[in-house]
Amino acid sequence: MRKITINLNGETRYVYVEPNDVLLDVLRDKLGIKSPKSGCERGDCGTCAVLLNGKSVRSCLILAIEVDGQEITTIEGLSKDGLTPLQEAFIENNSFQCGFCAPGITISATELLNKNPHPNKEEIKEAIAGNLCRCTGYESIIEAIEKVAKK
Ligand code: FES
Ligand code: FES
């Protein structure tokens with residue numbers, strides 16, 4: 001076991017991890033962060049995405065010891081002070097059905113909007129291309145991101 005320190009959603013958190021503990025499992029099982037979901041667990045579906053130092057990463061593919069001393073943001077952190085305009089747009093647009101993909105897509109779209117506040121449709125599609133949604137056909141999701149991009 002090794003003690004690591006993470007800046008998690010703006011708070012300093014300490015946690016003991018095994019060398020082979022995956023970040024997704026540590027977030028969910030040891031740190032009480034349930035928004036990243038366990039889907040494929042091999043980097044294909046994007047539902048486990050979190051922001052690592054502002055960049056979207058798949059937490060199922062990263063060992064927890066790799067993020068020692070770094071900054072992680074999840075949906076819990078994004079909405080700490082209320083819903084973001086992006087989350088509001090998703091709700092207004094009824095963007096999701098089962099919602100399983102929602103955290104990962106929100107992380108990918110947040111990363112995009114942080115880098116490029118006014119992306120076009122192609123840039124939006126590209127940003128969420130690694131996030132699988134088996135319910136919606138993506139249109140309702142893309143439209144919501146476009147609404148925020150046009151503001
Ligand atoms: S659970 Fe990580 S990419 Fe699918
Ligand atoms: S809303 Fe069900 S997987 Fe996207």
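These exercises work through helix 4, three loop residues and a charge over a ring in a predicted model.

Residues are numbered from 1 along each chain as its sequence is written, and side-chain values use heavy atoms, with hydrogens and water left out. Local features need pLDDT of at least 70, side-chain atom pairs count only at pLDDT 80 or more, and totals for chains, interfaces and linings use all residues.

**Exercise 1. Compare the span of helix 4 with its expected span, then describe its burial.**

Step 1: Fix the term. Helices (H or I, at least four residues) and strands (E, at least two) are DSSP runs, numbered from the N terminus.

Step 2: Take the span. Helix 4 has 14 residues and reaches 20 Å from first C-alpha to last. The expected span is 1.5 Å times one less than the number of residues. For helix 4 that is 20 Å, and the actual reach is close to it.

Step 3: Check burial. Buried means under 20% relative accessible area, exposed over 50%, partly exposed in between (1.4 Å probe, protein chains only). Twelve of the 14 residues are buried, so helix 4 is largely enclosed by the rest of the structure. Among them are Ala-102, Ile-105 and Leu-113.

**Exercise 2. Place Asn-9 and Lys-80, and state how they are linked.**

Step 1: Locate Asn-9. It sits in the loop between strand 1 (2-8) and strand 2 (11-17). Its phi is near 55°, a positive value in a residue other than glycine. Asn-9 counts as buried because its relative accessibility is 10%.

Step 2: Locate Lys-80. It belongs to the loop between helix 2 (75-78) and helix 3 (85-92). Lys-80 counts as partly exposed because its relative accessibility is 45%.

Step 3: Find the link. Contact means heavy atoms within 4.5 Å. Setting aside neighbours within four places in sequence, Lys-80 is in contact with Asn-9 and Gly-10. Lys-80 and Gly-10 are 70 residues apart in sequence, yet 9.6 Å apart in space, C-alpha to C-alpha.

**Exercise 3. Is Asn-93 buried or exposed, and which residues does it touch?**

Step 1: Asn-93 is in the loop between helix 3 and helix 4 (102-115).

Step 2: At 15% relative accessibility, Asn-93 is buried.

Step 3: Not counting residues up to four places away in sequence, Asn-93 touches Ser-140, Glu-143, Ala-144 and Lys-147.

**Exercise 4. Which residue lies over the face of Tyr-14?**

Step 1: Apply the test. NZ of Lys or CZ of Arg must be within 6 Å of the ring centre and within 35 degrees of the ring normal.

Step 2: Name the residue. Lys-3 lies over the face of Tyr-14, at 4.8 Å from the ring centre.

Conventions. Chains are lettered from A and ligands numbered from 1 in the order in which they are written.
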